[in-house]
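Dear colleague,

Please find the structure below, together with its sequence. My notes on it follow, and I would be grateful if you read them with the model open.

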Amino acid sequence: MLRREFFRVAAASACGATILRGGRAEPVAVQVGDVLPGRGVVWMRSAQPGQMTVRWRTTEKAEGNVRTVRGPMLSAATDFTGRVELRGVPAGQRIFYEAQVEGGAPVEGSFRTAPESGGEVRFLWSGDMVGQGWGINPAIGGIRIFETMRRLEPHFFIHSGDTIYADGPIQAEVKLPGGAIWKNLVTEEKGKAAESLDEFRGAYRYNLLDENVRRFTSEIPQVWQWDDHEVLNNWSPGKDLGSDGKYQEKNVQVLVSRARRAFLEYAPIRLAGSRIHRKITYGPLLDLFVLDMRSYRAANSWNRQPAPSPETAFLGAAQINWLKHDLRRSKATWKVIAADMPIALLVSDGKDRQGRPMFEASANGNGPALGRELEIADLLRDMKRHNVRNTIWL
């Protein structure tokens, strides 16, 4: 199906729509994220400038007390994205809301708030969005897994990183075994590896073109992490792009700065400066510790240094100290640690100039703790010393 025809026949839905402006896809969508007792973040992307407003209520029909929260001005400076925090929402029930900018159509959604007392908590987690060249295929109904997840009615969804594949272009066709053809919806921004700010933003806009995704994000609160593909594969401060023909910009820190800005614009998270690691308390049963295993790391290396140093930083001292402190204080039955990288699996990243293997994650193999493993060992030792129980690593 041609892109223009796809957008011509696509109907606007309650959870948002897509318009074509100047040859570029402009999704209109809402997302909910970082729900806490009495609080929840509503994020919106508009296709036009204006002040964001959210109206919310506790009944499906507008028959009672409707509260209005005025948000920021949405403009091109943030790619027409913004968020507001709803406060004073009652615990353990569904909230109905609509978000809009002045002059624009309202976009509706609903979400369940965090429980105040006991009761089961059901959540999903996964990662890697539109990766390895697999995009939105209208012929099969788009990214259908999001509709499957929505129907399970989880309390929330942990997006465990790789929220986009900024380094993974989407081509119109992918040949399948046996001669079949997978046909992707394509946009200009997703036709190459992202380098400019608008190309990073365009990767997020691409994901929101899918109606399954928009319906899901309007109803199921999300908890976003970020990992490598929000920038490029296995990036670290020492990444060398000199021989990579996909990139005109060879300074990885320039790419990181642009990518991080786009991530913070599009992520439905509660902003605390530019900090991504955070704790989400979800009733008495669950404390969710959301890690950032990318922002504070040193360059990927052979990972066998015998003592801690700036070269062995992975989570970083400040994040490790925060995690130790809040794990000790947590009174939740379960402490779930959302880690966007594995702490035990070996993840290689080529070889260094001495021909030694380099590692992308924390582990380097069997034996005593060395390199980045020293941070993880110190954390686990502290948890044992202070009798921190019922931890689950995702």
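Which residues lie nearest the centre of the largest cavity, and how many residues line that cavity? Before I answer, please note that this is a predicted model.

The lining of the largest cavity consists of 14 residues. Gln31, Met129, Asn207, Val213 and Trp224 are the ones that lie nearest its centre. Two or more lining residues come from each of the elements α3 (197-207), α4 (211-219) and β13 (222-224). Sorted by class, the lining comprises 8 nonpolar and 6 polar residues, with no charged residues. The volume of this cavity is about 130 Å³, and the search of the whole structure finds 3 cavities of 30 Å³ or more.

I turn next to strand β3 and its partners. Strand β3 spans residues 39-45, and 6 of its 7 residues are buried. Strand β2 (residues 24-36) pairs with β3 in the antiparallel sense over 6 bridges, and within this pairing Val30 stands opposite Met44. The two strands form a hairpin with 2 residues between them. In the turn, Gly38 has a positive phi of about 80 degrees. Strand β3 is also joined to strand β6 (residues 81-87), by 7 bridges and again antiparallel; here Trp43 has Arg83 as its bridge partner.

A further region concerns an open sheet of 4 strands, in the order β14-β15-β16-β19 and with mixed pairing. Its edge strands, β14 (278-282) and β19 (391-393), each pair on one side only. On average, neighbouring strands of this sheet are turned by 20 degrees against each other, direction ignored. Strands β14 and β15 (residues 286-290) run antiparallel and are joined by 5 bridges, with Tyr282 partnered by Leu286 in β15. Helix α6 (residues 317-329) packs on the sheet and touches β14, β15 and β16 (334-338). The direction of helix α6 makes about 180 degrees with that of β15.

Finally, may I draw your attention to one residue of helix α7 (residues 373-385), namely Leu379. Is Leu379 buried or exposed? Leu379 counts as buried because its relative accessibility is 0%, and the cut-off for buried is under 20%. Setting aside neighbours within four places in sequence, Leu379 is in contact with Ile320, Leu323, Lys324, Leu327 and Trp393. Ile320 is 59 residues from Leu379 along the chain, and their C-alpha atoms are separated by 7.0 Å.

With kind regards

Conventions
Residues are numbered from 1 along each chain as its sequence is written. This is a predicted model: local features need pLDDT of at least 70, side-chain atom pairs count only at pLDDT 80 or more; totals for chains, interfaces and linings use all residues. Side-chain values use heavy atoms; hydrogens and water are left out. Buried means under 20% relative accessible area, exposed over 50%, partly exposed in between (1.4 Å probe, protein chains only). Contact means heavy atoms within 4.5 Å. Two strands pair if DSSP finds at least two bridges between them. Axes are lines fitted to C-alpha atoms, for helices over the stretch in contact, and angles run from 0 to 180 degrees between N-to-C directions. On a 1 Å grid over the protein atoms alone, a cavity is a set of points where a 1.4 Å probe fits but cannot get out, and a pocket is an open set with protein on both sides within 12 Å along at least five of seven lines; lining residues have an atom within 4 Å of a point. Grid points are joined across faces, edges and corners, and a volume is the space filled by probe spheres set on the points. Ala, Val, Leu, Ile, Met, Phe, Trp, Tyr, Cys and Pro count as nonpolar, Asp, Glu, Lys and Arg as charged, and the others, Gly among them, as polar.
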